[in-house]
Amino acid sequence: MRETPRSQGTAGDTRAGHPQRRFGRAFAHTTGASGSGAPHRSDGRPPHTPRGARHTGPHGRPGTTPPVPGRPSFFPRPARRFWLPFALCAALFALVTWQVSAGGPLRSADERAGHALAGQGPRPLTEFLADLGSMLVAVPVLAVAIGYALWRGQRARPLTAALAMAAVPALVVPLKIWTDRPGLFTDATGYYPSGHTATAMVAYGATALLLAPGRPRNRAVPAAVLLTLATGTGLLLRGYHWPLDVLGSLALCGMVLLALERALRVAGSRDVIRSTRRSSSRTPTG
């Protein structure tokens, strides 16, 4: 039987030819530029990066050329933005409440400062500032913001803000009864924490969060801070509250507003989903 003839290009070619250079791939066994015979890459780079030329990652450890991510944090950044200030407000509130209820050294200094501040400033102005925290002034401002949010088609966000405002008396009234602190010029008790300061801080703060949701430069927030501080100043200058009464309310309502801001984000996503479903249901199908 006759075998199938081989191609002449390969049948008689028994010589070992040199490998052909193929472009686009590394040629590992050609001699270097100096003729030393050391293998090198086709792109001219050395086969290994010297240890001294390597980029280092965090803490001076050898790393790669791209940025090396740091160690995973126990709390991600959004969680730290909430829990760190929340813990600071809680610690401050616990310290002030302990000093007021136990009659510590801070309470003695607080009473001296309260008597020194009472009666300072023009009475009409200080009375006006103190009234900024009344239910008849602060709550209607929040009611207007809630109505505006409802008019824009939001449901969950204004309801969350209303619940935060309702939480103020639920938190403040039991504390007033428990601490039973008397006022500056009266034998009546129940002055810690300051209800006017709490009302102003939550009402104006919730209004600011409703009017400009998610904006990095929310101009309503400085206005809310200014109104809250003006309320506390008026209360101190009129002699309606001790300084620790105002400070305790600021710390307490700081926790309330932090929780409200976090809840408003979740409620805002629900409003977006609801509006998307409503618009898709109204779109006529072909």
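How many disulfides does a search of the whole structure find? I looked that up before anything else, and the search finds 0 disulfides. I then checked Cys89, which is in no disulfide, with the nearest cysteine sulfur, that of Cys253, 9.9 Å away. Cys253 is in no disulfide either, since a disulfide needs two cysteine sulfur atoms within 2.5 Å and the nearest one to Cys253, that of Cys89, sits at 9.9 Å. I also noted that Cys253 counts as buried, because its relative accessibility is 2%, and buried means under 20%.

A reminder to myself: this is a predicted model.

**Entry: the whole chain**

I counted the elements next. The protein chain has 9 helices and 0 strands. Reading along the sequence, I get α-α-α-α-α-α-α-α-α.

How much of the protein chain counts as buried? I find 33% of its 286 residues in that class. The chain exposes about 19,400 Å², and carbon and sulfur atoms supply 62% of that.

I also looked at contacts between residues at least 6 apart in sequence, and 70% of these join residues at least 24 apart.

**Entry: a pocket**

Rolling a probe the size of a water molecule over the atoms shows where empty space is left. I went to the second largest pocket, which holds about 190 Å³ of space.

Which helix gives the most to the lining of the second largest pocket? It is α6, with 6 residues. Both α6 (156-179) and α7 (195-211) supply at least two residues each to this lining. I wrote down the names in the lining, among them Met165, Val168, Pro169, Val172, Val173 and Lys176. Further along the sequence, the lining includes Gly195, His196 and Thr199. Gly133, Ser134 and Met135 are also on the list. By kind, I have 6 nonpolar, 5 polar and 1 charged residue in the lining of the second largest pocket.

**Entry: the loop between α6 and α7**

This loop took up a page. Most residues other than glycine have a negative phi, and most peptide bonds are trans. I found an exception to each here.

Asp180 lies in the loop between α6 and α7. Its phi is near 55 degrees, a positive value in a residue other than glycine. Is Asp180 buried or partly exposed? I have Asp180 down as partly exposed, because its relative accessibility is 42%, and partly exposed runs between 20% and 50%.

Pro193 is in the loop between α6 and α7 too. The peptide bond that leads from Tyr192 into Pro193 is cis, with omega near -5 degrees.

Leu184 was my next stop, again in the loop between α6 and α7. Leu184 counts as buried, because its relative accessibility is 11%. What is Leu184 in contact with, leaving aside its neighbours within four places in sequence? I listed Gly114, His115, Ala118, Gly239, His241 and Trp242. I also looked up Glu111: its C-alpha atom is 8.2 Å from that of Leu184, with the two positions 73 residues apart along the chain.

**Entry: Arg107**

Arg107 belongs to helix α3 (residues 105-117). Why does Arg107 count as buried? Its relative accessibility is 19%, and the cut-off for buried is under 20%, so Arg107 falls within the class. Apart from neighbours within four places in sequence, Arg107 is in contact with Gln99, Val100, Arg181, Pro182 and Leu244.

**Entry: Leu260 and α9**

Leu260 sits in helix α9 (residues 243-282). I put Leu260 down as buried because its relative accessible area is 3%. Setting aside its neighbours within four places in sequence, I find Leu260 in contact with Thr160, Ala161, Ala164, Ala206 and Leu209. The C-alpha atoms of Leu260 and Met165 are 9.8 Å apart, although 95 residues separate the pair along the chain. Met165 is a name I already had, from the lining of the second largest pocket.

**Entry: Ala87**

My last look was at Ala87, in helix α2 (residues 77-102). At 43% relative accessibility, I count Ala87 as partly exposed. How far apart are the C-alpha atoms of Ala87 and Met255, which are 168 residues apart along the chain? I get 8.4 Å for this pair.

Key: Residues numbered from 1 in each chain as written. Predicted model: local features only at pLDDT ≥ 70, side-chain atom pairs only at ≥ 80, totals over all residues. Heavy atoms only, no water. Helix = DSSP H or I, 4+ residues; strand = E, 2+ residues; numbered from the N terminus. Buried < 20%, exposed > 50% of the residue type's maximum accessible area, 1.4 Å probe, protein only. Contact = heavy atoms within 4.5 Å. Areas by Shrake-Rupley, 256 points an atom, 1.4 Å probe, with all protein chains shown as cover. 1 Å grid on protein atoms, 1.4 Å probe; cavity = no way out; pocket = protein on both sides within 12 Å on 5 of 7 lines; lining within 4 Å. Points joined across faces, edges and corners; volume = space filled by probe spheres on them. Nonpolar A, V, L, I, M, F, W, Y, C, P; charged D, E, K, R; others polar.
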